[in-house]
Amino acid sequence: MIRFQNVEKWYGPYHALNSVSGEVKEGQVVVICGPSGSGKSTLIRTVNRLEPIQKGSIQINGQDIDGKSVDVNRLRSRIGFVFQQFNLFPHLSVLDNIVLAPVHVLKQNRTDARARARQLLAKVGLEHKADAYPIQLSGGQQQRVAIARALALDPPVMLFDEPTSALDPEMVGEVLQVMKGLAKDGMTMICVTHEMGFAREVADRVWFMDAGSLLEESDPAEFFVKPQNPRAQKFVSDIRAA
Ligand code: ADP
Ligand code: MG
């Protein structure tokens, strides 16, 4: 469904992605891990063109995302993106945060969009918070609203960039639970996360990155027990020691 082919990215002179190739199949959950600064955020941000690439190609369902006919706004509306920072609109209720994009981007009728938003809120366990404002919610609740908001555009793919890293520890579980539910429903997902329990339990594939290269791509059971690449071995043993 998503294919990276020899993707190269530079920030000025800095080589941030070094010939990255990989494939995410429909319905798969790929967890990207690796040390800080290894290029994980850069790689997932290339998928919806938040970061342009200089060489190589990225295809979604066979279509090159840099193709001349690709409308970047449409592309982004087809990819759900959840960041570390939830960035809900503070002056809008939870429900209005969720209906904003379906009404303005997809031109959905407001009544339908609100009904759908309520369903999504139920899915993330926050039906009772529809009329609350973001400031009245905990960080974990805000992140669950952000996930519902991303789902409101019915994207075939969801990208997560360290969705639990800004949360107090007691709120991590509720967000991972929602992500597990999505995975179970068959959503295609790329997740950058340090939650290795999630990776072990939910990922179909684990990608290990270091210094801009995708060094290992394996089954989670294999990756955590017997990583092949020496840098992946060090990464896994450091996690065990932590
Ligand atoms: P990760 O998400 O794995 O921690 P990033 O993809 O954020 O890594 O960053 C990879 C490298 O690219 C880092 O060395 C970072 O400093 C650099 N980098 C990221 N964004 C920019 C930018 N906008 N300009 C210059 N360098 C950047
Ligand atoms: Mg990052």
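These legends go with close-up views of a predicted model.

**View 1. The residues around ligand 1.**
Let's start with the surroundings of ligand 1: Tyr11, Tyr14, Pro35, Ser36, Gly37, Ser38, Gly39, Lys40, Ser41 and Thr42. Sorted by character, this shell has six polar residues, three nonpolar ones and one that is charged. Which helix gives the largest share of the shell? That is helix 1, residues 40-47, with three residues.

**View 2. Polar atoms beside ligand 1.**
Here we zoom in on single atoms. In Tyr11, an N or O atom of the side chain is 3.3 Å from a nitrogen atom of ligand 1. Ser41 also takes part through its side chain, with a polar atom 2.8 Å from an oxygen atom of the ligand. For Gly37, look at the backbone instead: one of its N or O atoms lies 2.7 Å from an oxygen atom of ligand 1. On its own, ligand 1 would expose 560 Å², and the protein buries 59% of that area.

**View 3. The open sheet.**
Follow the four strands across the sheet and you will meet them in the order 2-1-4-5, with antiparallel pairing. At the edges are strand 2 (14-24) and strand 5 (63-64), each with a partner on one side only.

**View 4. Strands 1 and 4, with helix 1.**
Five bridges join strand 1 (residues 2-11) to strand 4 (residues 55-60), and the two pair in the antiparallel sense. Where is Glu8 placed relative to strand 4? Glu8 stands opposite Lys55 of that strand. Helix 1 packs on the sheet, where it touches strands 1, 2 and 4. The direction of helix 1 makes about 120° with that of strand 1.

Notes:
Residues numbered from 1 in each chain as written. Chains lettered and ligands numbered in written order. Predicted model: local features only at pLDDT ≥ 70, side-chain atom pairs only at ≥ 80, totals over all residues. Heavy atoms only, no water. Near = heavy atom within 4 Å. Polar contact = N/O pair within 3.5 Å; in protein donor to acceptor, adjacent residues only side chain to side chain. Areas by Shrake-Rupley, 256 points an atom, 1.4 Å probe, with all protein chains shown as cover. Nonpolar A, V, L, I, M, F, W, Y, C, P; charged D, E, K, R; others polar. Pairing = 2+ DSSP bridges. Contact = heavy atoms within 4.5 Å. Axes fitted to C-alpha atoms, helices over the stretch in contact; angles between N-to-C directions.
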